[in-house]
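Thank you all for making the time this morning. I would like to walk you through one chain, beginning with a charged pair and working outwards from there, so please have a look at what is on the screen.

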Amino acid sequence: PELNLRSPIQLKAMLHSQGHYVQNTTKYTLQDLQDNSEFVRILLRYRTLERLINVYLHRVLDQIQYDGRVHAHAFLIGTVTGRLVYKDPPLQTLPKPKTVKDLGIIRSIFSATNDDYILLEADYKTIEGWIGAFLSEDDVMWNDLSSDDWHDATTTGLFHKTKDQCAEYEWSHLRDAGKHINYGA
């Protein structure tokens with residue numbers, strides 16, 4: 001019979017038939033299984049691609065305006081984080097080439113209309129940390145912010161483990177906790 005990849009019931013049955021007895025089919029549950037199952041690795045890749053196609057390709061086609069361009073809406077207030085947010089499409093969540101293997105190409109569908117214009121990206125990802133380090137004059141914070149990755153440095157300091165000492169999914173969970181500490185969330 002056909003397998004509906006969007007059906008948690010069918011996916012659980014499929015995984016059970018392969019000897020993986022899981023309670024759910026969430027991303028984190030599947031990440032725990034991916035090292036032992038080619039099916040799970042392909043499923044996770046499929047989910048990533050499906051999400052990117054739905055969010056950045058299909059929706060963008062619906063958002064093309066009278067002039068042939070997409071005009072994202074910027075929101076300065078009303079966000080949970082207090083940061084600038086774009087919607088229709090959500091430009092701040094476009095995958096980066098370094099973070100989502102070979103899917104950063106989606107960024108290339110957004111371009112300036114001619115040589116007189118440029119697209120500029122300003123990344124304020126650690127601005128809160130720099131302000132906090134400046135005001136507190138905390139040397140550890142300065143060092144962490146000056147490292148290659150502020151969140152990795154915080155995570156290593158918190159859990160006394162490095163990225164190389166953890167499986168990818170474990171590091172992902174620990175790093176999320178480090179980010180929560182950094183942002184006080």
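Glutamate 170 is partly exposed, with a relative accessible area of 27%, where partly exposed is the range between buried, under 20% relative accessible area, and exposed, over 50%, with a 1.4 Å probe and protein chains only. Its side chain meets that of lysine 161 in a salt bridge, at 2.8 Å from N to O, and by a salt bridge I mean a side-chain nitrogen of Lys or Arg within 4 Å of a carboxyl oxygen of Asp or Glu. Lysine 161 also counts as partly exposed, at 31% relative accessibility.

Before going further, I should say that this is a predicted model, in which local features need pLDDT of at least 70 and side-chain atom pairs count only at pLDDT 80 or more, while totals for chains, interfaces and linings use all residues. Residues are numbered from 1 along each chain as its sequence is written, and side-chain values use heavy atoms, with hydrogens and water left out.

The structure holds 5 salt bridges, and two more of them deserve attention, beginning with the one in which the side chains of aspartate 149 and arginine 175 meet at 2.7 Å, N to O. Aspartate 149 lies in the loop between α5 and α6 and arginine 175 in helix α7, so this pair ties together parts that are 26 residues apart in sequence. Aspartate 152 also forms a salt bridge with arginine 175, with the closest N and O atoms 2.7 Å apart, and because aspartate 152 lies in helix α6 while arginine 175 lies in helix α7, this pair ties together parts that are 23 residues apart in sequence. Aspartate 152 and arginine 175 are both buried, whereas aspartate 149 counts as partly exposed at 23% relative accessibility. Going back to the glutamate 170 and lysine 161 bridge for a moment, its N to O distance is 2.8 Å; separately, salt bridges that share partners join Asp149, Asp152 and Arg175 into one network.

Aspartate 149 has another contact to show us, since at the start of α6 one of its side-chain oxygens reaches to within 2.9 Å of the backbone nitrogen of histidine 151. Helix α6 covers residues 150-159, and its buried residues include Trp150, His151, Asp152, Thr154 and Thr155; helices here are DSSP runs of H or I with at least four residues, strands are runs of E with at least two, and both are numbered from the N terminus. What do the buried residues of α6 pack against? They pack against α4, α5 (139-146) and α7 (168-183), contact meaning heavy atoms within 4.5 Å. Just after α6, histidine 160 takes a positive phi of about 55°.

From the α7 side, asparagine 182 lies in that helix and is buried, with a relative accessible area of 17%. If we leave aside its neighbours within four places in sequence, asparagine 182 is in contact with Trp150, His151 and Thr154.

Lysine 125 is found in the loop between β2 (85-87) and α4, and counts as partly exposed at 49% relative accessibility. Its C-alpha atom is separated by 9.9 Å from that of tryptophan 150, which is 25 residues apart from it along the chain. Again leaving aside neighbours within four places in sequence, lysine 125 is in contact with Arg83 and Tyr183.

Turning to the surface, Tyr124, Ile127, Trp130, Ile131, Phe134, Leu135 and Trp142 make a nonpolar patch of about 760 Å². Patches are made of residues with over 30% relative accessible area and no salt bridge, like charges being joined within 9 Å and nonpolar side chains (Val, Leu, Ile, Met, Phe, Trp, Tyr) within 5 Å. Helix α4, residues 127-136, gives the most to this patch, with 5 residues. Isoleucine 131 lies in that helix and is partly exposed, with a relative accessible area of 47%.

Finally, the whole chain has 7 helices and 2 strands, following the pattern α-α-α-β-β-α-α-α-α along the sequence. Buried residues make up 25% of its 185 residues, and the C-alpha atoms fill a box of roughly 55 × 55 × 30 Å, taken along the principal axes.

Key. Areas by Shrake-Rupley, 256 points an atom, 1.4 Å probe, with all protein chains shown as cover. Polar contact = N/O pair within 3.5 Å; in protein donor to acceptor, adjacent residues only side chain to side chain.
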